[in-house]
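Here is a quick tour for anyone who wants to look before computing. Have the viewer open and follow along.

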Amino acid sequence: MKNQVKNKKAFAVRLGLLAMVSLSAGFALPALAAEPMASVAPQSQAAARPADAQFEAELEAFLQDYWHLVPEAAVAAGQFEAAARLPLPGEQRRQALLAFCDAWLARLAALPTRLQAKGQPALTPAQQGDLALLDNHLRAMRWSWSELRSGQWDASEYNVADPLAQLLNKPDYAPAAQRLAWIDQRLQQVPAYYRAAFQQLKNPSLVHLKLAIEQLEGGLTLYQQDIPQALRQAQLRGAAAASLQKHNAQALRATQSHLSALKRLARQLEQGGGGRSFRLGKALFETKFDYEIQASVDAAGLYQRALADKARLLQRMDELAEQLWPGLFGDAAMPADRFDKIGRVIDKLSERHVAPQRFVEEIQSQIPALAAWVTAHDLLSLDPSRPLVVRETPAYMRGVAGASISAPGPLDPKGNTYYNVDPLDKYSPAEAESFLREYNHWMLQILNIHEAIPGHYVQLLHANKSPSKIKTLFGNGAMVEGWAVYAERMMMESGWGAVDGKPSPEMALMYAKWNLRVVSNAILDYSVHVLDMTEAQALKLLEREAFQSKTEAQEKWHRAQVSSAQLSSYFAGFSEILALREQLKAQRGEAFRLKAFHEEFLSHGSAPVRMVRRLMLQPAE
Ligand code: ZN
Ligand code: ZN
């Protein structure tokens with residue numbers, strides 16, 4: 001299942017699908033975007049003005065074109081039948097995509113003037129925001145296909161499995177026979193697809209080649225088990241069954257032979273050196289950062305900001321560790337080295353954690369407490385009519401994220417929002433212990449704040465109040481993740497975690513460690529892709545200087561190699577939101593209200609913070 005998440009990353013890079021936030025931040029990771037995008041937002045509320053109807057019609061025309069050209073995006077938007085189409089990679093397709101970008105960039109840029117010429121009133125800020133998001137998306141896509149050209153070096157971009165799995169796993173979407181017919185159509189195209197895909201690889205990176213091999217191998221069960229099983233369950237017979245069986249077998253063979261070809265290539269690269277570096281390099285990284293993050297600073301600026309935050313956090317952690325030491329270790333001498341000292345204290349505190357069998361239950365009990373706190377402290381309004389349901393992650397979704405939010409989307413106003421929690425029974429006792437030390441008494445609370453209240457769940461709740469199909473589909477990942485990270489800070493500021501009314505240094509230290517992870521992600525991203533950071537340097541940054549476990553650090557190093565300008569998004573969004581709040585505080589003085597700030601900020605949907613900032617700083621007319 002982890003493979004599917006990485007595949008989405010690959011699609012996101014290739015298509016410039018910037019809305020996808022589906023990369024794992026270790027455990028606390030949002031499968032988030034997978035779900036909100038799975039339901040298509042409705043047209044905005046009944047068009048009040050003729051201009052709105054024409055505006056909406058134009059965006060609808062854009063989406064139809066887009067989905068036709070990019071079926072994976074249609075699947076991500078909840079149109080699973082699009083999985084039946086599988087365009088062949090190649091120059092012809094690249095030219096078609098570039099032409100699409102050019103045509104729609106021009107057409108959307110002309111839209112405001114065209115509407116005005118018809119005597120329509122000017123676009124609303126929300127509509128301007130939609131246009132700006134699409135403009136950025138199309139430019140990013142054009143850049144990706146003309147400059148980045150990752151299809152020539154990232155073999156993991158070629159994987160047909162995810163839309164197939166989507167179709168298999170959506171029993172409510174269409175009757176089994178229909179879904180299997182779509183699957184059959186996709187399977188028929190798989191052999192040609194992988195033949196064309198292999199020809200695209202001009203200068204492959206070994207790291208991405210290995211990722212592709214790992215993911216394709218993981219995906220073989222789809223043909224070997226999942227599809228045959230679905231066929232049996234649907235009791236499909238006759239010609240339909242024979243066709244599906246035949247094409248499934250062909251697809252399996254095609255995938256296996258593609259795998260063999262990739263493995264040969266990997267051996268050649270390993271023996272002869274060569275191949276492209278996994279590093280993006282300064283120029284590509286900076287451009288990608290600008291398109292994807294859409295922040296008010298450039299990549300180098302964010303890196304400097306992260307270094308400064310790291311220094312501040314370590315200073316604070318040092319003070320807290322000294323304060324906590326005597327209570328934990330009595331008269332034992334404190335290590336002179338700062339990292340040793342902080343590490344020892346964190347280690348000791350991590351012993352306090354819930355029993356493995358009580359993990360899901362503990363999360364369940366914290367949600368109402370967080371909701372009550374947010375209401376009592378006047379931080380945000382919640383919507384009791386759309387409660388958050390904590391559940392064990394459904395089997396087919398497990399292993400992706402550990403914890404995630406599934407939202408029904410604005411189309412389905414009565415649907416439940418779920419907080420999916422993987423039970424720990426997949427772990428050995430030793431693994432469970434290590435996991436629970438990481439998500440100890442304090443960290444588990446911060447996780448719930450991030451995922452649920454007032455983090456991702458609350459952001460979605462507010463975003464759904466002003467539904468914009470464009471902001472749902474092409475929204476800004478840095479804003480979404482930034483909000484969840486900001487929510488942690490804001491809860492700490494409000495006094496969450498205090499014991500008997502006194503601030504808890506334990507909670508403060510654990511929060512600092514958690515926040516240091518976000519900061520380190522940004523430092524790592526820039527250092528790996530621009531500054532040639534080595535593996536040893538990366539592990540030192542994460543293990544020694546950010547107090548992460550070996551496993552977490554190694555997984556992060558891997559992720560930093562196979563992704564780019566993604567690990568920066570959390571810190572980028574967070575620091576931009578915090579800066580905006582402080583600026584408004586100074587500007588509005590006595591009149592500043594935290595709750596009003598939060599609600600105004602969230603009312604703009606999943607737009608880049610930079611865009612929301614412009615709207616919020618505008619003097620009222
Ligand atoms: Zn323990
Ligand atoms: Zn998140």
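The notes below go from the overall fold to the metal sites, a helix pair and a few single residues.

## Ground rules

This is a predicted model, where local features need pLDDT of at least 70, side-chain atom pairs count only at pLDDT 80 or more, and totals for chains, interfaces and linings use all residues. Residues are numbered from 1 along each chain as its sequence is written, chains are lettered from A and ligands numbered from 1 in the order in which they are written, and side-chain values use heavy atoms, with hydrogens and water left out.

## The chain as a whole

The chain has 24 helices and 3 strands; these are DSSP runs numbered from the N terminus, with helices being H or I of at least four residues and strands E of at least two. Of its 621 residues, 58% are buried. Here buried means under 20% relative accessible area, exposed means over 50%, and partly exposed is in between, using a 1.4 Å probe and protein chains only.

Take the contacts between residues at least 6 apart in sequence: 79% of them join residues at least 24 apart. Contact means heavy atoms within 4.5 Å.

## Zinc ion, ligand 2

His-450 (NE2), His-456 (NE2) and Glu-481, the last listed twice through OE, coordinate the zinc ion (ligand 2) at 2.1 to 2.7 Å. Donors are N, O and S atoms within 2.8 Å of the metal (3.2 Å for Na, K and Ca), and water is not among the atoms, so sites may look incomplete. Along the chain the spacing is H-x5-H-x24-E. His-456 sits in helix H16 (residues 456-463) and Glu-481 in helix H18 (residues 477-493), so this pair ties together parts that are 25 residues apart in sequence. Both His-456 and Glu-481 are buried.

Why does the arrangement count as irregular? The 4 donor atoms subtend angles of 52 to 152° around the zinc ion (ligand 2). Four donors count as tetrahedral if all angles lie between 85 and 135 degrees; four count as square planar and six as octahedral if opposite donors are over 155 degrees apart and all others between 65 and 115; anything else is irregular.

## Zinc ion, ligand 1

The zinc ion (ligand 1) is coordinated by His-353 (NE2) and by Glu-433, listed twice through OE, at 2.0 to 2.5 Å. His-353 belongs to the loop between helix H12 (338-349) and helix H13 (359-376), and Glu-433 to helix H14 (residues 429-438), so the pair ties together parts 80 residues apart in sequence. His-353 is partly exposed at 24% relative accessibility, and Glu-433 is partly exposed at 33%.

## H7 against H8

Helix H7 (residues 176-200) and helix H8 (residues 206-233) have axes that come within 12 Å and cross at roughly 145°. Axes are lines fitted to C-alpha atoms, for helices over the stretch in contact, with angles from 0 to 180 degrees between N-to-C directions.

On the H7 side, the contact uses Leu-180, Ile-183, Leu-187 and Tyr-194, and on the H8 side Leu-216, Tyr-223, Ile-227, Ala-230 and Leu-231.

## Three buried residues

Gln-445 is in helix H15 (residues 441-451) and is buried, with a relative accessible area of 10%. Leaving out residues up to four places away in sequence, Gln-445 touches Gln-366, Trp-496 and Met-507. Ser-504, in the loop between H18 and helix H19 (505-530), is also buried, at 10%.

Ala-560, from helix H21 (residues 550-562), counts as buried at 0% relative accessibility. Ala-560 and Val-528 are 32 residues apart in sequence but 7.0 Å apart in space, C-alpha to C-alpha.
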